[in-house]
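Student: Please take a close look at a single part of this model. I should then like to see the account carried on to the rest of the chain.

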Amino acid sequence: MADDGHFWVDARVNGKPLRFVVDSGATVTAISLGSAKAAQIPIGTEKTVIQTANGTAQAIKGYAGKLEIGSIERTDFPIDINENDNTNLLGMNFLSSLSSWKVEGNYLVLQP
């Protein structure tokens with residue numbers, strides 16, 4: 001747990017190091033447009049509506065070829081690309097792909 005009270009993870013998206021806040025309230029993992037470009041994720045045209053802490057927004061549907069957090073790896077992983085926010089969110093579509101995840105004290109434990 002970081003000083004801000006959130007759990008942050010260092011990940012690699014298509015080999016590019018990116019930082020994510022773990023957000024169990026986010027249905028789908030979302031990354032900023034800048035992060036998507038840095039990770040060379042194709043920017044498509046299919047839009048979706050997402051609910052954010054700041055209200056309703058539009059995002060672009062996309063896929064990460066590879067998402068890695070430690071030894072956990074997911075391929076062809078669905079993500080939303082948020083053009084209006086610079087924060088990367090690790091959502092429930094990742095967390096629910098795990099065998100388990102839990103908070104132990106100040107630590108978030110992810111089990112592949």
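Tutor: Q40 lies in the loop that links α1 (33-38) to β4; helices here are DSSP runs of H or I with at least four residues, strands are runs of E with at least two, and both are numbered from the N terminus. This is a predicted model, in which local features need pLDDT of at least 70 and side-chain atom pairs count only at pLDDT 80 or more, while totals for chains, interfaces and linings use all residues. Residues are numbered from 1 along each chain as its sequence is written, and side-chain values use heavy atoms, with hydrogens and water left out.

Q40 is not a glycine, yet its phi is positive, near 55°. Its relative accessible area is 69%, which makes Q40 exposed; the term means over 50%, buried means under 20% and partly exposed lies in between, with a 1.4 Å probe and protein chains only. D76, also a residue other than glycine, has a positive phi of about 45°. D76, however, belongs to strand β6, and it counts as exposed at 58% relative accessibility.

The strand that follows the loop of Q40, β4 (47-52), gives two or more residues to the lining of the largest pocket, as does β6 (72-82). A pocket, on a 1 Å grid over the protein atoms alone, is an open set of points where a 1.4 Å probe fits, with protein on both sides within 12 Å along at least five of seven lines; lining residues have an atom within 4 Å of a point. The space in the largest pocket is about 390 Å³, the volume being that filled by probe spheres set on grid points joined across faces, edges and corners. Among its 18 lining residues, A26, I50, Q51, T52 and L89 are the closest to the centre. β4 supplies the largest share, four residues. By type, the lining holds six nonpolar, eight polar and four charged residues; Ala, Val, Leu, Ile, Met, Phe, Trp, Tyr, Cys and Pro count as nonpolar, Asp, Glu, Lys and Arg as charged, and the others, including Gly, as polar.

F94 offers a contrast to Q40 in accessibility. It lies in helix α2 (residues 92-95) and counts as buried at 0% relative accessibility. Leaving aside residues up to four places away in sequence, F94 touches T29, L67, I69, I72, R74, F77 and L110, a contact being heavy atoms within 4.5 Å.

One of these partners, L67, leads to the strands: in β5, L67 is the bridge partner of V13. Strand β5 (residues 55-69) runs antiparallel to β1, joined to it by two bridges; DSSP must find at least two bridges for strands to pair. In β1 (residues 8-13), V9, A11 and V13 point to one face and are buried, whereas W8, D10 and R12 point to the other and are not. β1 also pairs with β2 (residues 16-22), antiparallel over six bridges, and L18 in β2 is the bridge partner of A11. Two residues lie between the strands of this hairpin, where N14 has a positive phi near 50°.

Overall, the protein has two helices and nine strands, in the order β-β-β-α-β-β-β-β-α-β-β from the N terminus. Of its 112 residues, 38% count as buried.
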